Each structure stands twice: as C-alpha cells, then as structure tokens.
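Hi everyone, thanks for coming. Let me put the complex up on the screen, and then we can walk through it together.

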Amino acid sequence: MKKIEKLLKEINNERIDHSFIRNRNGHLSVEFLSGRQQRIFIDRKDKYYKMWSVILSNSKVEEFGEVKLIQNIWNKNRQTDVVGFCIDKKNRLIGSIQQLAETIDREELIFYIHILAKECDRLEYLFSGKDLN
Amino acid sequence: MIQEIGIETARNLIDYSGGDERLEEIAEQQLQGAVALHNILVKKNFAYLADEVGMGKTYTALGVAALFKHFNPEFRILYIAPRQNIQEKWKKELFNFTKKNWRAVDNIIKSFKDTPAYGLSSCSNLLEFIHQSTININRDFLLRLTSFSLPLSDNLRKKRDELVNEINWLDSSALNLYDKDDFKKNYAKVINSIIPHFDLVIVDESHNLKHGLKSNASRNQVLSLVLGHDSGADKRFPDYKKKFDRVLLLSATPLENDYVHLWNQVDLFGFGESIKELKNSESDSDGEVKDKIIGDFLIRRINGLHIGDKLYTKNMYRREWRHGGLTNHDHVIELPDEKQRMIVGLIQKKVSEVIGNEKFNNSFQIGMLSSFESFLQTSKYRKKSTDSNNDNETNQDDKSNFDNSDQTESNLEKEGIDTPSIDKIADSYYRKFNQSLPHPKMDQVSNSLKKCFDTGEKSLVFVRRVASVYELQEKLNKFYDMWLKAKLDRELPESAKEKFEEVYQQYLNERKSKRKLSFVSETLQDDSENNGSSKSLEDDKGEISNFFTWFFRGFGPEGVFSGGSFNKNRLNSEGSVYSTLFEDNYSRLILGEESNTLDYIAKITGWDSRELSKLLRRSAYASFKMSSKSQKFPFKRVYFSYQEAIVNHLANHCKNEILKNKASVIRRLRFKSIQLNGELPKDNFPSFDKFIDVKTFFTELEKRENLTDYIFPLINENENFEVEFIKREKRRELISAVARLGHPMIDLWLLAVKTLKTIDSKTQDRVEGRYHLLIQDYLDLLQQQKNDNQWNTYSELSNVSKNFDLIITINFPEVKDDDLVSLSKIYGIALSKQSPVRGMAGGVNKNFVRQFRMPGYPLIMVTTEVLQEGEDLHTFCSNIIHYGIAWNPSSMEQRTGRIDRIHSLTHRRLNKKVSVKDDEFIQVYYPHLRDTVELLQVERVFEKMNKFIRMMHQTIKRENFNTSKIDTNRELLVSRKDIDPITEPLESSFPVKEELLLRNSELVESEHSADAGKILKLFDSVTQRLKNELKLITENSINLYSYIGTCYVKNGARLLRYDEICDECRNQPFELYLKSVVGYNKILLHCVSPIGKIGYQHNNKIKELNNMSNKIGFGKICLVDNEKIKSYDLSIEADILFHPDSTQFEEVLDLLERTVVSADNLEKKLLGKDEPINSFLDSLFVEVGNEEN
C-alpha cells in the first residue's frame, strides 16, 4: 500500500471537474460543488487495488427488495463506464473499481476516484433522495 | 473555464461542405454562424439563430454544440425539438453531422465508429426522460416540446404513480391531484430535482414559445419549471434549482410583429432582464436601440440565388399571387355566373350576421371561418388516440374543426363561428337542388390543380379546416379519374373496352359506398402507424380513393387482368417469367453479350463445356437449396441460382483478371459463397439453357444508347468497378420500384393488354409467352415518349435517374453500400401504396412524405399544419397553395419554407441560369374571394408578412397588428388597398458581426483530443501479441477498434497459452474494443465476455449469481432485459484506461484473463454449460457496429 499512500498524499485537495478530493483518516472524501460528498475506501487485494464506496446500507437494501435491486443495478452496469455496482457480502449496495496496483499512476488514480464518487453519489441520490455518505 | 474560439480553429474541426464543392458558400455561412453563436454563448449565455428557412440551422447548431464539447468534454446538452418527426430528424442529422462534417476522430465528438462519441438519449415523454436520467446522466438528451404539454385529459393519478415508481423516495403528497394546474407545476419541479445539469439547452423552432410565461398553454410554464426558472423556487422541493447554463434558440421566424415575442422566449429561460428594453412594445421610437440589443445575441442570414449577375433573395424568387387568382397572375378569382355570385352573396350576408352578433363583437379569428374553405357540412375528423407511451402530438381541443386551434380559447371559435349557419344553408340547398352548394374558391383551386395530371408538376396545399383535406382530395381524385379514364379510353384496344366499361362502373359503385370510411383510415392516422418500417408490398390491398389506387394496386377487381393483378401475379410472382423483367443479368454484365455464353465461360476458365454445364447445374442446385426448401423450382429463384453459379465460377476460375475481379465483387455484394454438398440436382431441376441468356428490361435498355444514357447509364470502365456496380444496383432497384409501383405501371399494363387484346383474367396466362415482345414494346414507348416532351413514364424514370444522388441522400439515408440485397425491400416499402393525391391530417405519414420528395405520385399533397415544420418537401415541388391561411407570418413562412430549401427544385432550376421567366420561380398562391370578409384576413396576414420582413431586415416601420382577431366594422370602412409583396433585395438587420469570428486568434487544439492514430496502432500491436501468446480463435474483424474471439480457460483459473494443448479446457468468447469515457478525455479498453441467458422464471438465480460474483471478486455483471423471449442476457464486463504512452501489454492481458475466467466460472456454475461463440456472435458484432442504437 505504500505506493498508493504516497499517491493519496499527493492528491489531497486535488480539484477535478468542480469537486475536491480530500484525504481523511482511513478514507477519501470527494466533495462536489453542490455540497454533496461521497466517501471512497481503498483496499489492496493480491496484486490489485479495490476502490469502493457504499451507496445503500443493508437495511435500505432489504427495504427495496434485494432481487429487484440487483436487476436494476446490473442493468445500470451496462450503461456505466468503469464503475461496477453490486450487493456486497455485507448486503450493502456498493460501487467499486479494481485495477492493477503495479501500473496505476497519479492521473489514473484521480480519474478512478472521481468517476467512482460521481457515479455512487448519483445513485445514492436516485435511491434515497439524500446524501447519506 | 470556457473560452471563445476563432474561426480558423473551428475550420480545422468542421467541414460543413462534406467535401462537396457546390456547398462551399453555404458551408462558410454555417461555419461563421457556429463560431459567432459559440462566442455569443460564452459571453452572454443566450443566443438566437434566426437564419431564413432552409439554410441548415440544425447543422449550424450542431456545430456550436460540437465546438463546446470538443474543448470541454464534460459539456452536456439538452435538445428540444418541436415534435416527434423533427426529434427523429435531429437524431439523424446528429449522426450525419458527426460522420460527414466533423473532421477527425477525437473520441469526444467522433468515435472510432464515426458515430457520436458521447451518449444520446432520445425520450418520447417526460417520464422516459426521468427514467433515462436515472440510468445514465452522462449523456445528451433529445426531447420534444409536446412532452411538456401534460394535457388536462391525462389521468393524473396514473402520472403520479408512474413518477413514484421511478423515484422511490418521492413523497406523493407533493403532487396534489385535486388542482390540475398545481399538479403540473409540481410535476415539473419533481422532474427538475432528478434531471442532470445541462451546460447548453438548444430549442428548435423556438417561436413556439413566443408567448412566454404568459401563454395560455401550460406547456411553456412546465418547460421553464423543469429547467428551474427562478419563479419556481419552493420549500417543498429543496433540490429544485436552475438546471442549465446557456440556451440557444432556433427559428427562422423569431417574432410576429413585436419584439416582445423575442423577449418572451429569452425570458422563459431566465435571461429576460438583460434585454428588458424589448419587453415594452409601446416604445416604438427606440427601434435602433432595440436592433442593437437584438444584434448582440441574434444572428440572421438570408439566402439568395445568383441568376445572371443579379442576386435574388427569397422574396424575389418567390412569385406571390396575392390577388387571389390561380390562373392569371395579379388577377382575382372570377365568379363564373350569376348563380355563384348569388350564393357567395347569401353566404356573406349570413356570415356578416353571425359576426355582427353581440357574442362575437364584429370580429373573427383569422383562418377559422368554415365558409372560407368550404360550404359543405363541417363534420369533425378527429385523430385516433395515440400510443399511450407517446405524448399526444396534436394537443388540440376535441371540439376544433381547424388545425392550430390554440390560436383561440373559445370553443365556439374553434368550431368556426359560422359553421352552424353555413351547415343549414348547405343542407337546405342540397334538399332543394339535390346537389352540393358550389364553393367558387374550392372549385377554382381544384380546377387549377388538375393540370398537374398532364404536366406531372407537384403542388403542396395547406388548409386550416381539417375537413377540407377530405373535400379537396375528393374533388382532385374525381378529376384524376376523369383524366385516367380518358387516357385508358384512348389507348386500350377496342376489344378490351366493353369489359373495361363494366369494371369502371363497378369501381364507381364501390367508391360510392365505401369512400368516406376509407378516407378516415387513410388520412387521419397516427405517426406510430405510419413510419412505413414494417409494411411489406404484400400488405397493399389497394384503396378506393381513385381508379389508380383501386385498379393498379392491391389485387385489383376479381376476374380481371388489372394493373394490380399484373403486378402481383406476374411481376412480383417468382414463378412467372415476368419476375425477372426488372432484374439484371450479372453474367452478361461481366462477360458482355456472347453468342454462346457457355462455351465462352468454359474458354476463359479453362473448363470443358460439358463438364462446366454439369458443374453449373450442381452449383445452381446447391445455391437453390441454400435459399429455399421448396420442392418446386420457381423461375426467378432458379434464374438467380444459375446467376450465382456462374458468378461464383468466374470468381474462382476466370483467367482474365479484370473479369475475375468483377465476378468477385458481384459475388461478395450480391451472393453468398456456394458450398457444394455432394447432393446431385433432382431430375426436374431446370436445365441451364433457359436461364443463361435471360433478357431483362435493363439488358435491353443498355442496347439503346439514346435511352440508357438518360435512364440507366452504363458502367464507366475507367472507374472503380465496385463503386460503379454499387451505384448501378442502387439505381436499377430504384428504377424498378418506380416502374412497378407508380404512374409508369399504367403504361406497362396497357402494353400487356395490347398484346392480350382483352382484360379478362382467364386469358392472362397467355401474357407469359409475350415477355420479349413486351420489353421491346416498352422500350419503343419510352423512345417515343422521350420526344413527346410531356409528363409520362419516360420523364418520370429519367427524372429519377437524373436526380438519383439527391434522392438517395434525402430519401434513403438508410441504404448501405454493403447490403445491396435489402435494396429491393427498402425501395419496395417506400414506394408502395402510391396515389396521385394524398392528404395529411392528425399525424405525419412518413412514407407519403418520402414519396412526395420524389418524382411521380403523389402529385398533390393536401395537408393541415402537420407538415408545417420539419419535413422537407422541396426536392420536386415548386408550387404552394395557402388554401386555408394561417394567422401569423411565421406559420406562413414555415409553410412556404417547406419547398424553399437548399437543393430545392427551384434552386436547381435557377442557379445556373442567365435569365429567368416568372413561371420558373417558386409560385406561392393565396386563393381567396375578393368580395367577402375573407379579403380582410388575407390583407391582415399580408400586412403582417411585410412587417415581419421590415423588422428583420434593413428599414423598419412599425404598425401594430398583434392580435389574431379582425374587427369587421372598422376594417370594412378602411379603403381597400393591395398589399403587394416586398420585392427589393433584402439585407439582414442582424448579420454575423465580424468581431465575433476572431479571425486573427491563434489556432487552438483541444488538450483533451486523443490521438486516434496512436491509439489504434497500440491496439493493433496488443491484439497481435495476444494472438501470439494465447490460444485464440479470432473472428473476422469488421473494424480497427475491436477484436472478437474465443479463449480457452484452463482449470477455471487461467487462459491457455499459445503452445499448450487444449485438454479438458473450456471455451469462452470475448470482445475487446475501444471506447471513450463520456465527460472525460479518456479512452477505455472495454472487455465483454458473455455468460448466457437466464429466463424470467429463474429469478432465484440472480441472488445466487451475485453471491458467486462476490466470491470471484472481479468484473461487473451486466444484464440486458430481453423482453421478447422473457429472459436476461448476462455478461461480465470490465475496463482499463487505454493510453498510447502508458498502457502496457500485461494490463491488457490481465483485463482479458480476469474477465473471461470470471464469465466462464459463472457460466459453468450457474448454467452448467459451455456455449460456443456462435450463440453470441450477432450481439457481439452489434456491440461494435456503427448503427444508431
């Protein structure tokens, strides 16, 4: 994780397309011009980085009905670049991106974080009408 | 930060001429317009393009949009077209602009596919807009203005429930069902909360918004609230806000007679304050100040034709007939006798009494008195209810007898205030004299139009009263019948005349009983039913409209050799020798005419003639079996089988390289490769001799030089054969469809009857033996007609051929070079169901419109306002008749503008001339009776038209006519004066300002623009390396940016390498392709690997699949709902950024491996299958094709 920690330090307070990436303790926060925010987490698994963000909690997922929600988000996956949506092992609706750790660079990392935050924030608004994360 | 750009920068990006030198002048105007508007929008956030009708405003606006996007990839645009047909047109133009006018693949505007690199969602209503916004906001959206109307008749509860279903968290109490106005506003605010923010809104035909927020129509208010007008701020909707930054308005007629119309449009989008001086229509003295304000945001250019050394602006090459007559220019309609004068006098008295009634206060709505159009009973023809998924396009009150009835709110006026009185008189007259009350204007118009049956000239007739569409058509159909009957009486053989008389009588009887009913189904139809996409020729059962549609279409009457039966049973029946009449003979095209074709083929391919004969028969049989399971061997199919066999043989064995190349091209474009399967031909499979030298109309036409040059030019041997062959096939199929389905069919049938000498169906089999005779007779007739200099079969076929490129571009953009087999079907559908006269009301029948854009039927199109905007009707028509007058100059201009556009018949006719005669101009008729109150409305409209011209061009004079009502007491006392058209050359008051073009600014390149060449080179090198390192089966490539193939998965964990043996491994298809990320300056390498289908009934597997996917931990599962077969198509997809400087082969390999292995694991565990690529190939090719999806 050393490489990414270094990169994350560099991109703290980076501005991209009317939003800021802030490096918080243990996670990133992307702040949009509208005032909305989205939290992004990054894990290392084998040779990959996984960037992910929670959209709906497990209780909200249950409210919607899991199967209906899965159909909806898989349909949306077809229309969405880079970001994938799924119900994770903890039964939360999350958005995620996985990329090779070895080759990722600063510019790519900013792009992945921004597009992940943007897509997840939009879906969160559409499903809840609120800014939950 | 969005910046202004210079014209040279724009020139590097856009080529408006598309490489056509003839378009360079207009292309420069469009480029200047795009740059100027772009720069106005950067500075002011609102701009108006008011170029004259037909100058390509759509393309100019698309240029503006593309320039913004190119330099700002995240730039998002909302397009609003007036209605469905224009919305579809915008979509088409957007694809055309991207392909033909945007110069380079930059992956921001133009993708590797030559299609828009950004997404576009075209929505048929606001709910769909919401739905699409929830699926993907990173696109542009294309809406229609009618979607904002939300008719009161709609079920509000249903509308609310639909919305709640889309937005789960929406509090339904926010949408109060008991107050409809409140509901509409809140509905709009909810939509505003969901939709994305747009950088630019482009509104086409924005004069529709000229009454602004004060309009009676709630549509304007709903639109402004959806976009977040300040006036809609509301605590109940905390997310309500302005959802756009800039607006570009488009209309050739931005105002009627008052600058306040401009202010209203701009204010609707919240920019009114910055041009508030235009709001006050009273202050007329400051015209120059207003012009200056307008000139800061509005651009208008005018079109002109150079004739000799003089420039003719539109007003000069349009010859207006303002005195009402139709036969002599500047003459009035003369009433033919005392009786008609008395009738007109009586009607006028009644109309004056009605208008004088205190209810109407001596006034009436322009164009909305029934008596101006007809004295017949005004019954209502209402549009059938539209598809519930689409918005109601007409949005008219049910009680209206007129189009565009939102001109007034009064139901009485909508019905026509004189309607009841006129109906009474008409009824009384009919009871007394047993005939309909004559209407001098209608009689004169139909009388003057009937000459088109001799000349073939087209006319476009606009009416206001819906019932007039029927009445005018009826009169014209009767004139047509008289014309056709006279022609047939003259040309039929004596022996056939008695039977023909009986048939004609039968037609008259049937017509009497069925005509009116059939009219309603023919004319008053929905758009949804009339796109012509699914109807085949076989569906044409004929119509009872006129003798042509009854006798020459469908099956025709029973027991008679009719035009219809000749077409169905001979020309269109595979078993008849006539089925090849309009085909080509490809072997002859390759080889030329040889006395012994078989020996010649044997010689040039090095085969023995006897062996060759056997081979061709076997090949032809194999070809036949590939295309048919029939045990019979119909003539046309066998003919094509032999054609295919010969072409195939020549392509494989010909020693002459030129002929071999020709055969290869024809085989690739027309046939499939024949696979001999060892099966011997059945004994009764016809022998070679009958089919090798079949003569067709085209093979014989080519022998007559003085005809073929004009109808079917020979292939130019100096040009590329493939290009020439494609053009020849397109032309042949088009000529064939025209000859079989339109007016020329009459002559062909007459020739067939002349050889039979009867029209009795029992004898029609005899016609089979006269095939060659008929071809020669037909060619002789064409030869004779060529010298007649009249409208006839020759003139129609040669006119189609002469204007072939124009017809294909305008009418058949869907025709592709690589699918010649579909040509016959495309043309067949487009040209089926022809009629000499057509009517249009309630909706647009696109097929009839397409036919009107070609030579031949329909010659006359009678229409309400439905064709007023968006449809091009200019290619072969230069006469327009304003039978029912619109009340405002913009509608009049829009109507005339339908036939006055770039490449119009008039433009083509006049552009290279040195001098011109009056009758070569566009003829614009305003038929009216001078001694009636109709004169008042016509004069009012003329005055307003003149005023509009003065306001938009240099010298401006102001008079105030901003009401659609006429006060008859006042107007009748004013001395009559002729309102002549303005005929001096026009000069726009609002040209492009030179300083907006930034001519001296430096060339700027987008920092976002990707280097397409480098990207494709890298893609090619990584895919080559994949082939070297992995065990792969590669499918035929269809382009440079995609790669489709099959990998092999070993132990469910990795891909098989090139040198490994495939032992118990599974196969897994995949597709890799390049795409741009909308809103970012990035290229992705996208990988798709299909899993398979699961039926709706296996819904439980969805959760299982999600859990499995979590365990595997890579790629996203994607689903396409395939409603037709009630199943979901599932796939795994993933992407990586693709950059020529930083992407490494290992990343691509990793992407492919993980995607394919994940998909294969899920397929195995979930479906227990190992499907080969064939099951998915079609959808994989569609994904990387360049169709409009």
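Let's begin with confidence: chain B has a mean pLDDT of 86, and 88% of its residues reach 70 or more, pLDDT being the predictor's confidence in each residue, from 0 to 100. This is a predicted model, where local features need pLDDT of at least 70 and side-chain atom pairs count only at pLDDT 80 or more, while totals for chains, interfaces and linings use all residues. Residues are numbered from 1 along each chain as its sequence is written, chains are lettered from A and ligands numbered from 1 in the order in which they are written, and side-chain values use heavy atoms, leaving out hydrogens and water.

For the complex, the predictor gives an ipTM of 0.95 and a pTM of 0.81. Please keep two stretches of chain B in mind: pLDDT stays under 50 over residues 379–399 and also over residues 956–961. The model has 55 contacts beyond four places in sequence for 379–399, and 16 for 956–961; contact here means heavy atoms within 4.5 Å.

Now chain B in outline. Its secondary structure comes to 43 helices and 24 strands; these are DSSP runs numbered from the N terminus, with helices being H or I of at least four residues and strands E of at least two. Of the 1189 residues in chain B, 61% are buried, that is, under 20% relative accessible area, with exposed meaning over 50% and partly exposed in between (1.4 Å probe, protein chains only). Among contacts between residues at least 6 apart in sequence, 74% join residues at least 24 apart.

Over to chain A. Seven strands form an open antiparallel sheet there, in the order β1-β2-β3-β4-β5-β7-β6; two strands pair if DSSP finds at least two bridges between them. At the edges sit β1 (14–16) and β6 (84–87), each pairing on one side only. On average, neighbouring strands are turned by 30° against each other, direction ignored. Inside this sheet, β5 (48–56) and β7 (93–100) of chain A pair over eight bridges, and Trp52(A) has Ser96(A) in β7(A) as its bridge partner.

What packs on the sheet? Helix α3 (66–79) of chain A does, touching β5, β6 and β7, and its direction makes about 170° with that of β6(A). Axes are lines fitted to C-alpha atoms, for helices over the stretch in contact, and angles run from 0 to 180 degrees between N-to-C directions. Chain B joins in too: its helix α42 (1145–1167) lies across β5 and β7 of chain A, at about 135° to β7(A).

Let's follow α42(B) back into its own chain. It packs with α40(B) (1012–1029) at about 65°, the axes 10 Å apart. Residues in this contact include Leu1026(B) of α40(B) and Leu1149(B) of α42(B). By class there are six nonpolar, no polar and three charged residues; Ala, Val, Leu, Ile, Met, Phe, Trp, Tyr, Cys and Pro count as nonpolar, Asp, Glu, Lys and Arg as charged, and the others, Gly among them, as polar.

One last residue: Pro1140(B), in the loop between β24 (1127–1137) and α42 of chain B. Is it buried, partly exposed or exposed? Pro1140(B) is partly exposed, with a relative accessible area of 24%. Beyond four places in sequence, Pro1140(B) touches Lys1014(B), Ile1015(B) and Leu1018(B). Its C-alpha atom is 5.5 Å from that of Ile1015(B), 125 residues apart along the chain.
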